[in-house]
Amino acid sequence: MTQNTPPRGSGRPKNPSASRQGGRRPKPGQERRPSPDPTRDLAFDIVCGVVEHRRMLETTLDRAGPMDPRDRASAHRLAATTLRYMGSMTEILQPMLRREPPEPVRCALLLGVAQLLHLETPPHAAVGTIVDLLRRRGLAPFAGLANAVLRRVAREGRDLLEGLDDARLDVPAWLWSAWGHRARSISRGLHREAPLDLSLRPGATAPEGGDVLPTGTVRYPAGTRIATMEGFEEGQFWAQDVAAAMPVKLMGDVAGKTVIDLCAAPGGKTAQLSAAGADVTAIEKEESRAVRLRENITRMRATAETIVADGLKWRPKAPVDAVLLDAPCSATGTFRRHPDVLWIKRPRDVTALAEGQDAFIDAARDMLKPGGMLMYAVCSLQDEEGPDRIAAALERGGWKHVPFTDEELADMAIARTPEGFFRTHPGLWWDRGGMDGFFAARLIRV
Ligand SMILES: C[S@@+](CC[C@H](N)C(=O)[O-])C[C@H]1O[C@@H](n2cnc3c(N)ncnc32)[C@H](O)[C@@H]1O
């Protein structure tokens, strides 16, 4: 196994269904007994889903069906922590394994190591729960191995961890090299859970306990639950990372202007545009996401026409003043919130997404009046989805790049690049809790 890749072992489980499920499927008519540990069962399914099938964490959560919200939250935390430290924990496990265990066993061991080294779980509980998990999931022959290995990790793991370059190990090699001189700082961001950032409706009061950032975003500690905050139901605020809130701010005064939000769900930027007084048309291709977009627009008391359509094909009846293109992207900028993304994305995904981004930019041009503005934004850290797309658009022609000025970025000067792009990563504003990775640029239709 190479370093910095998801721990895909060469050994496969003898029972193919064990590989599919991360455990043995009950035979027809043979009901599985109710799980005595739903948290670890779900965390196991999530991690196996990422490692074996490149399945998003949220997809496994959605498939899990109804369960106690506390169990669900604990499963999410355990799985996310495991994925955050997967490279360095794999490095610790490797010399302790004489043979490659089947992938589900490796996933279970990683859950155990995460509990021992990163979640302060008492050793007897960390070891015992993983041994039980293996037994429940048809992997009892590996219970002894897990017991021995995890006890050893409990004894030696912390010292071993001290000697590792975990920032390097916990990022896949292709991303590390793509991020260049920013890689170490970005990787530090991965090790921290993202705080909760709120954008406020104009005139709204922020819930107590927040830290007001220079751009107006109000920040709360990681793990704060927005749905229980006073004012949530009334749509006084919405969750939006401080960096994600910037592209709309950088559009300037949009009051009274016609603006298309071309890739709109779940609607954070639609809400911002509406709050700023724009006449917004929000386009979303996925029906299910459009439902969520409409719900959010209603809760946030925003006004926007929402249309379920393919933004590449749909055209407005008349050209508009501005288009916000928050384009589908690799989302590598959001890995603090979605550590699964780190291990799921591959270089070829970025290439395919970049082609789509070019097509969206061309579509946006068809929607704009001459002199109209395209705000191009992606929550990606990859050059191919940021500066390279702007360079490609300028080469195709029909656009002028208008750099962001120092004044426009006065509240977040650190995000202005020499070319006048907006560019952030999780290592910025480290002392304040970091921020998501974002790229934005302003193009004017000529
Ligand atoms: C990065 S997200 C947008 C986030 C949103 N702007 C916000 O701030 O809440 C991209 C969205 O584009 C949608 N999308 C993907 N392809 C699309 C297309 N061809 N036309 C319209 N929407 C599309 C996705 O379903 C997804 O909801």
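Trainee: Let's start with β6 and β7. How many bridges join strand β6 to strand β7, and do they run parallel or antiparallel?

Mentor: First the vocabulary: helices (H or I, at least four residues) and strands (E, at least two) are DSSP runs, numbered from the N terminus. Two strands pair if DSSP finds at least two bridges between them. Here 5 bridges link β6 (residues 279-284) with β7 (residues 304-308), and the two run parallel. Val280, for instance, has Ala304 of β7 as its bridge partner.

Trainee: Through which helix does the chain cross from β6 to β7?

Mentor: A crossover counts as right-handed if, with the strands pointing away from the viewer, the path from the first strand over the helix to the second runs clockwise. In this β-α-β crossover the chain passes through α14 (residues 287-299), and the crossover is right-handed.

Trainee: Before I trust that, what sort of model is this?

Mentor: It's predicted: local features need pLDDT of at least 70, side-chain atom pairs count only at pLDDT 80 or more, and totals for chains, interfaces and linings use all residues. Residues are numbered from 1 along each chain as its sequence is written. pLDDT is the predictor's confidence in each residue, from 0 to 100. The chain's mean pLDDT is 92, with 92% of its residues at 70 or more. The model's scores are ipTM 0.99 and pTM 0.88.

Trainee: Where does pLDDT stay under 50?

Mentor: Over residues 5-26, where the model has 52 contacts beyond four places in sequence; a contact means C-beta atoms, placed from the backbone, within 7 Å. Residues 28-32 are also below 50, with 2 contacts beyond near neighbours in sequence. Where pLDDT is low, the predicted coordinates should not be read in detail.

Trainee: Now the open sheet: what is the order of its 4 strands?

Mentor: The order is β2-β3-β1-β4, with antiparallel pairing. β2 (211-212) and β4 (237-239) are at the edges with a single partner strand each, so one side of each has no neighbour in the sheet. Between β2 and β3 (residues 218-220) there are 2 bridges, and Asp211 stands opposite Arg219 in β3.

Trainee: And which residues are closest to the ligand?

Mentor: A residue is near a molecule if its C-beta atom, placed from the backbone, lies within 6 Å of it. The ligand is surrounded by 17 residues, the closest being Cys263, Ala265, Lys285, Gly311 and Asp326. Both α13 (268-275) and β6 supply at least two residues of that shell.
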